[in-house]
Amino acid sequence: MNIFSKVPGIAQQTSKLGSVLERAFYGSSGKVTLFEQRNFAGQRLDLNSDCQKLSDKNFPERCNSVQVESGAWVGYEHEHFRGRQYLWDMSDRGEYNCTDRWCGQGDHISSVRAVKQDTNPPRAQLFERQGFSGRKIEIHDDISNLMTRYNLNRASSIRVLGGAWVVYQEPNYRGSHYILERKDYNNFSDWGAQNSAVGSMRRIRFN
């Protein structure tokens, strides 16, 4: 018998603490399932934590559909979280039945990581020049066309002050895109881009 069960209230408190610790350790990232073929068919791989090399999981590195059960995830073209980025979050119930749904350029995925969730109100500042200088705009919600709304199509530095975001190089959430977590990005290379083009930007959905 557990010695804490002899003391009123202790057993319940211990159980609650265990549940909290379990969620903190296992549940913080969420869960995502990768499928080799379109429409959730073929070989599958379940992940609930970062994976630097999908080849270590005996997955063929060909991913054509994804289901997000919880959290938000980013797939990378190359191992160790390098190369093109592809976001999978809880938008549209987390169902991605083909690569077109995540603006995929091919089906090669070699590493996957969880996006860090931030509970602060969504807030991001875009700067025209690197080093947080030049013209500045601040956004708090999804913007499908930055040029139409703010007459802006380039940003060389971004400061994320709340939430997690994805910035697309084309309007209407299309084209190459990059994950922005809560931190300062002094130059577009800091978020993995080759240039400063920005077309649209939206909040990442975790639930």
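Two strands pair if DSSP finds at least two bridges between them. I start there, everyone, since strand 3, residues 65-70, and strand 6 pair over two bridges, in the antiparallel sense. Please keep in mind that this is a predicted model.

Let me give you the overall picture before we go back to that pair. The chain has 207 residues, and buried residues make up 42% of them. Its secondary structure comes to two helices and 14 strands. If you take the contacts between residues at least 6 apart in sequence, 68% of them join residues at least 24 apart.

How far does the predictor's confidence go? The mean pLDDT of the chain is 89, with 86% of the residues at 70 or more. Over residues 1-27, though, pLDDT stays under 50. For that stretch the model has eight contacts beyond four places in sequence. Where pLDDT is low, the predicted coordinates should not be read in detail. I will leave that stretch alone today.

Now, back to the strands we opened with. Strand 3 and strand 6 belong to an open sheet of four strands, and the order across this sheet is 2-1-3-6, with antiparallel pairing. Which strands sit at the edges? They are strand 2, residues 41-47, and strand 6, residues 95-96, and each pairs on one side only. If you want to find the junction of strands 3 and 6 on the screen, look for Q67, whose bridge partner in strand 6 is E95. As a quick reminder, strands of a sheet pair through backbone hydrogen bonds, either parallel or antiparallel.

Staying in this sheet, please click on T33, which lies in strand 1, residues 31-37. Is T33 buried or exposed? T33 counts as buried because its relative accessible area is 6%, and the cut-off for buried is under 20%. The side chain of T33 makes a polar contact with the side chain of D46, at 2.6 Å. Leaving aside neighbours within four places in sequence, T33 is in contact with R44, L45 and D46, and also with S65, V66 and Q67. So Q67, which we just met as the bridge partner of E95, turns up again in the surroundings of T33.

Next, have a look at the loop between strand 1 and strand 2, where you will find N39 and F40. What is unusual about the backbone here? Most residues other than glycine have a negative phi. N39, however, has a positive phi, near 55°, and F40 has a positive phi of about 60°, although F40 is not a glycine. N39 is partly exposed, with a relative accessible area of 49%. F40 is partly exposed too, at 26%.

On to another sheet. Three strands form an open sheet in the order 5-4-7, again with antiparallel pairing. Its edge strands are strand 5, residues 82-88, and strand 7, residues 111-114. The twist averages 25° from one strand to the next. Strand 4, residues 73-78, is joined to strand 7 by four bridges, and the two run antiparallel. A handy landmark is W73, whose bridge partner in strand 7 is A114.

Strand 5 brings me to the aromatics. How many aromatic pairs does a search of the whole structure find? The search finds seven. One of them is the pair of W88 and W102, which is edge-to-face, at 5.5 Å centre to centre and 80° between the planes. W88 lies in strand 5 and W102 in the loop between strand 6 and strand 7, so this pair ties together parts that are 14 residues apart in sequence. Both W88 and W102 are buried. Ring pairs also bring in Y96, linking W88, Y96 and W102 into a cluster.

My last stop is a hairpin. Strand 11 and strand 12 form the hairpin, with three residues between them. N172 in the turn has a positive phi of about 60°. Strand 11, residues 165-170, pairs with strand 12 over five bridges in the antiparallel sense, and Y168 stands opposite H177 in strand 12. Strand 12, residues 174-180, is mostly covered, as five of its seven residues are buried.

That is my tour. Thanks for listening, and please feel free to turn the model around while we talk.

Methods. Residues numbered from 1 in each chain as written. Heavy atoms only, no water. pLDDT = per-residue confidence, 0-100. Contact = heavy atoms within 4.5 Å. Buried < 20%, exposed > 50% of the residue type's maximum accessible area, 1.4 Å probe, protein only. Polar contact = N/O pair within 3.5 Å; in protein donor to acceptor, adjacent residues only side chain to side chain. Axes fitted to C-alpha atoms, helices over the stretch in contact; angles between N-to-C directions. Phe/Tyr/Trp six-rings, centres within 6.5 Å; stacked < 30°, edge-to-face > 60°.
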